[in-house]
Amino acid sequence: MAHIDIKQPILQKNDSMAAELRQRFAENHVFVLDLLASPGSGKTSTILATIDALRDEFNIAVIEGDIASNVDAEKIKAQGTPAVQINTGGACHLESAMIKRAVDVLDLERLDLIIIENVGNLVCPTDFDLGENAKVMILSVPEGDDKPLKYPGVFQVAQAVVLNKVDTMPVFDFDDGRFTEEVTSLNPQAPIFRLSATTGEGVAPWVAWLAEQIRSVQ
Amino acid sequence: MHELGIMTGVMDAAVKSAQEAGATRLLGVTLSIGEMTEAIEDALVFAFEALVEDDPFTKDAELTVNMIAPKSICLECGHEFVHDRFHLFCPECDSFCTQLICGRELQIDSIEVDLPDGDPGGSEGSAG
């Protein structure tokens with residue numbers, strides 16, 4: 001029997017494609033945001049509200065990741081924003097090769113921001129580098145304040161956390177103080193933005209933060 | 001679900017290295033997995049067993065998973081400490097400014113293979 005040292009990252013293929021994409025994004029001064037959240041947390045609504053607030057200043061495109069359907073891409077396109085739908089066909093996360101195929105049909109030169117809506121899942125997408133500038137995690141109030149304890153990984157890889165549906169806080173038993181404490185202990189550097197994508201409450205500080213990130217790569 | 005995808009990548013790399021070394025069979029695969037990743041040991045073992053069983057080249061291979069406990073360094077006082085997934089602040093000075101040193105590994109460390117008769121064996125690194 002012989003022993004052979006390999007010492008190779010398991011996700012090497014994904015990571016090297018992600019590095020290539022990151023370089024392409026940097027060369028074209030595009031800021032790429034990877035949005036992670038559960039199904040039904042309001043990712044698409046948050047994207048629509050974000051586009052609405054930033055479209056006058058920035059050229060934006062969206063990459064939609066879903067197991068099936070093009071419902072989300074159609075919603076984005078209806079707003080007049082380019083959108084590419086990726087159907088993962090059952091896979092629980094997006095990988096960098098899928099992003100490359102989507103990016104190839106976008107006009108990178110004229111874009112300032114690409115928002116990637118990852119597959120609704122709080123587990124698998126956290127381990128996959130897509131070449132993004134930032135991963136942002138969206139949690140919605142009805143999901144409960146204990147989610148950082150149950151899904152620590154996604155809160156740790158996020159550069160910022162969005163708490164959506166804050167307008168429903170009075171009807172759910174959501175302890176905002178406890179939630180803040182949990183997020184802070186997992187990821188002290190990440191800002192938390194409390195907003196309601198549907199009422200528009202709290203959207204301004206979130207888009208101001210994002211706009212600052214976009215300008216930093218221009 | 002994604003452990004199967006991870007393990008498919010592992011097996012592709014392991015079989016390729018084994019074949020490049022001229023091996024007749026793959027006997028073992030050793031991984032290092034950080035506890036801060038979302039890869040679960042049991043699911044990795046399950047995926048591994050499903051992937052190796054149908055191929056005579058891989059069917060006797062065994063998986064060894066070394067789980068790596070997270071360790072961080074405090075950027076304020078320099079203290080290094082092992083921690084769980086939830087408590088990343090410095091136990092010495094309570095600072096939140098800490099940086100992970102290890103615990104996010106997803107790595108193939110090594111493989112064990114059978115080499116053809118006549119080969120003296122022990123040809124470490126012969127895969128080049």
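In this predicted model, 36 residues of chain B touch 31 residues of chain A. Together the two chains bury about 2900 Å² between them, with 61% of that area coming from carbon and sulfur atoms. Looking just at what chain B buries against chain A, the top trio is B:His2, B:Glu38 and B:Phe86: they supply 21%, more than any other three residues.

Now for the polar side of the interface. The rule turns up 12 residue pairs in polar contact across it, counting pairs where both residues reach pLDDT 80 or more. Three elements of chain B each give two or more residues to the side that touches chain A: α1 (2–20), β1 (25–34) and β6 (106–114). Of these, β6(B) brings the largest share, with 9 residues. Sorted by type, the chain B side splits into 21 nonpolar, 8 polar and 7 charged residues.

What does β6(B) pair with on the other chain? Its partner is strand β1 (residues 2–9) of chain A, and the two run antiparallel over 6 bridges. If you want a spot to look at in the viewer, try A:His3, which sits opposite B:Glu112 of β6(B).

On to salt bridges. The whole structure has 21 of them over all chains, while the interface between chain B and chain A has 1. Here are two to look up, one across the interface and one inside chain A:

| Salt bridge | N to O distance |
|---|---|
| A:Asp127 – B:Arg104 | 3.1 Å |
| A:Lys135 – A:Asp34 | 2.8 Å |

Why does the pair A:Lys135 and A:Asp34 tie together parts that are 101 residues apart in sequence? A:Lys135 lies in strand β6 (residues 134–140) of chain A and A:Asp34 in strand β2 (residues 31–37) of chain A, so the link joins two strands that are well separated along the chain.

Finally, a word on confidence. Chain B averages a pLDDT of 88, and 91% of its residues score at least 70. The stretch to watch is residues 121–128 of chain B, where pLDDT is below 50; the model gives this stretch 12 contacts beyond its near neighbours in sequence. Where pLDDT is low, the predicted coordinates shouldn't be read in detail.

How values were computed: Residues are numbered from 1 along each chain as its sequence is written. Chains are lettered from A and ligands numbered from 1 in the order in which they are written. This is a predicted model: local features need pLDDT of at least 70, side-chain atom pairs count only at pLDDT 80 or more; totals for chains, interfaces and linings use all residues. Side-chain values use heavy atoms; hydrogens and water are left out. Contact means heavy atoms within 4.5 Å. Buried area is the accessible area (1.4 Å probe) that two parts lose on being put together, summed over both. A salt bridge is a side-chain nitrogen of Lys or Arg within 4 Å of a carboxyl oxygen of Asp or Glu. A polar contact is a pair of N or O atoms within 3.5 Å; within protein, one must be able to donate a hydrogen and the other to accept it, and residues adjacent in sequence count only if both atoms are side-chain atoms. Helices (H or I, at least four residues) and strands (E, at least two) are DSSP runs, numbered from the N terminus. Ala, Val, Leu, Ile, Met, Phe, Trp, Tyr, Cys and Pro count as nonpolar, Asp, Glu, Lys and Arg as charged, and the others, Gly among them, as polar. Two strands pair if DSSP finds at least two bridges between them. pLDDT is the predictor's confidence in each residue, from 0 to 100.
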